[in-house]
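The following exercises concern how two parts of one chain meet. Each task is followed by a solution in steps.

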Amino acid sequence: MSLTATRPRLGFLGLGWVGRSRLDAIAASGLAEIGAIADPALPGALGSLDELLEAAPDGIVIATPSALHAEQAIAALERGIAVFCQKPLGRSATETRTVVDAARAADRLLGVDLSYRFVEAFRVARDVVRSGELGEILAGDLVFHNAYGPDKEWFYDPELAGGGCVIDLGVHLIDLAVWTLDLDPVEVRSRLRGHPVEQLATAELDHVRLACSWNLHAGRDAVIEASFYGSNGAVSVRNVNGSFYDFRCERLCGTSTEVLVEPPDNWAGRAAVDWARRLAAGEGFGADADEYVRVAALLDRIYGR
Ligand SMILES: NC(=O)c1ccc[n+]([C@@H]2O[C@H](COP(=O)([O-])OP(=O)(O)OC[C@H]3O[C@@H](n4cnc5c(N)ncnc54)[C@H](O)[C@@H]3O)[C@@H](O)[C@H]2O)c1
């Protein structure tokens, strides 16, 4: 198949809340052809991954419960099928590395839905940090408190979810810290509260502090923040009015504040669409996939495993 000549045909595995949203975003982009869908709970859909792979799509979009991601992604990659997977790609660095190695061996494009990289406010904050204008970054503060918890039972089963709020929400904070600061901490300290999976976690990765939770008395739907304080100034992204979707980015200097990015910004399906665009352009394995292992290794250190 010549990917540059035709639109890639995609299969969709798992069509719950996120799977449906990513399918809609890719369909609206027109970049790919929507092929078969597999979800045992969905009437009219295929019942299994094997049946989906039989249809020989060019790529599959995985949005199943987290424990299934690695095994399903590897099964597709070993058949030469590209993968876009929901986070977390694996429940540990070892599991994540196995998937990345399978993508490398098959030379297939592997994407993970680390969706906040595609939010304009976080992208601009990163550009400001990396321009060097803030001087040395002295402290980072990243927060994701969700006043609700997940509404599906599997999220509370450590085997099925791989953990609680850290692997669910903290993964985004770790990814943003690594992506923005190229963070490679010497020291990782953490405190996790809750059973059988953590509902609240705080961590220090050298000079960067992380906090995330489910079901916290946040006084609003969510508190989401990434602030980077440098020797010459700071940049801060915060959600607006407790929103899960609206973010403002500000440059801070002494007591003054300059707004750099205001909502709205329709970012939710952008990571998926970006993967579809790269697949349509004929891209194979990208070395950026190694960052997924780096993030997973930091998750392991926060979990103390
Ligand atoms: N990128 C993000 O910011 C983001 C946000 C929310 C959730 N997620 C991730 O998305 C994934 C799905 O979350 P969700 O809230 O949509 O869950 P969900 O429970 O709504 O959806 C999962 C779907 O997978 C289906 N499924 C289960 N086993 C299957 C199998 N073997 N084959 C095919 N389908 C199967 C279920 O029937 C269900 O429809 C999770 O891993 C979660 O961490 C990512």
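**Exercise 1.** State what distance separates the centres of domain 1 and domain 2, and how many residues each contributes to the contact.

*Solution.* The model is predicted. Taken over C-alpha atoms, the centres of domain 1 and domain 2 lie 24 Å apart. The contact draws 19 residues from domain 1 and 31 residues from domain 2. As for the bounds, domain 1 comprises 9-115 + 269-303, while domain 2 spans 120-261.

**Exercise 2.** Determine the area buried between domain 1 and domain 2, and which three residues supply the most of the share of domain 1.

*Solution.* The buried area between the two domains is about 2200 Å². Carbon and sulfur atoms give 63% of this area. On the side of domain 1, R294, I302 and Y303 supply 29% of what that domain buries against domain 2, more than any other three residues.

**Exercise 3.** Count the salt bridges and the residue pairs in polar contact between the domains, then describe the side of domain 1 that touches domain 2.

*Solution.* The count of salt bridges between domain 1 and domain 2 is three. E159 and R91 meet through their side chains in a salt bridge, with an N to O distance of 3.7 Å; this satisfies the cut-off, because the nitrogen must be within 4 Å of a carboxyl oxygen. Eleven residue pairs are in polar contact across the interface. Helix 9 (residues 290-303) provides seven residues, the largest share of the side of domain 1 that touches domain 2. By class, the residues of that side divide into ten nonpolar, three polar and six charged.

Technical notes
Residues are numbered from 1 along each chain as its sequence is written. This is a predicted model: local features need pLDDT of at least 70, side-chain atom pairs count only at pLDDT 80 or more; totals for chains, interfaces and linings use all residues. Side-chain values use heavy atoms; hydrogens and water are left out. Domain bounds come from an automatic or database domain assignment. Contact means heavy atoms within 4.5 Å. Buried area is the accessible area (1.4 Å probe) that two parts lose on being put together, summed over both. A polar contact is a pair of N or O atoms within 3.5 Å; within protein, one must be able to donate a hydrogen and the other to accept it, and residues adjacent in sequence count only if both atoms are side-chain atoms. Helices (H or I, at least four residues) and strands (E, at least two) are DSSP runs, numbered from the N terminus. Ala, Val, Leu, Ile, Met, Phe, Trp, Tyr, Cys and Pro count as nonpolar, Asp, Glu, Lys and Arg as charged, and the others, Gly among them, as polar.
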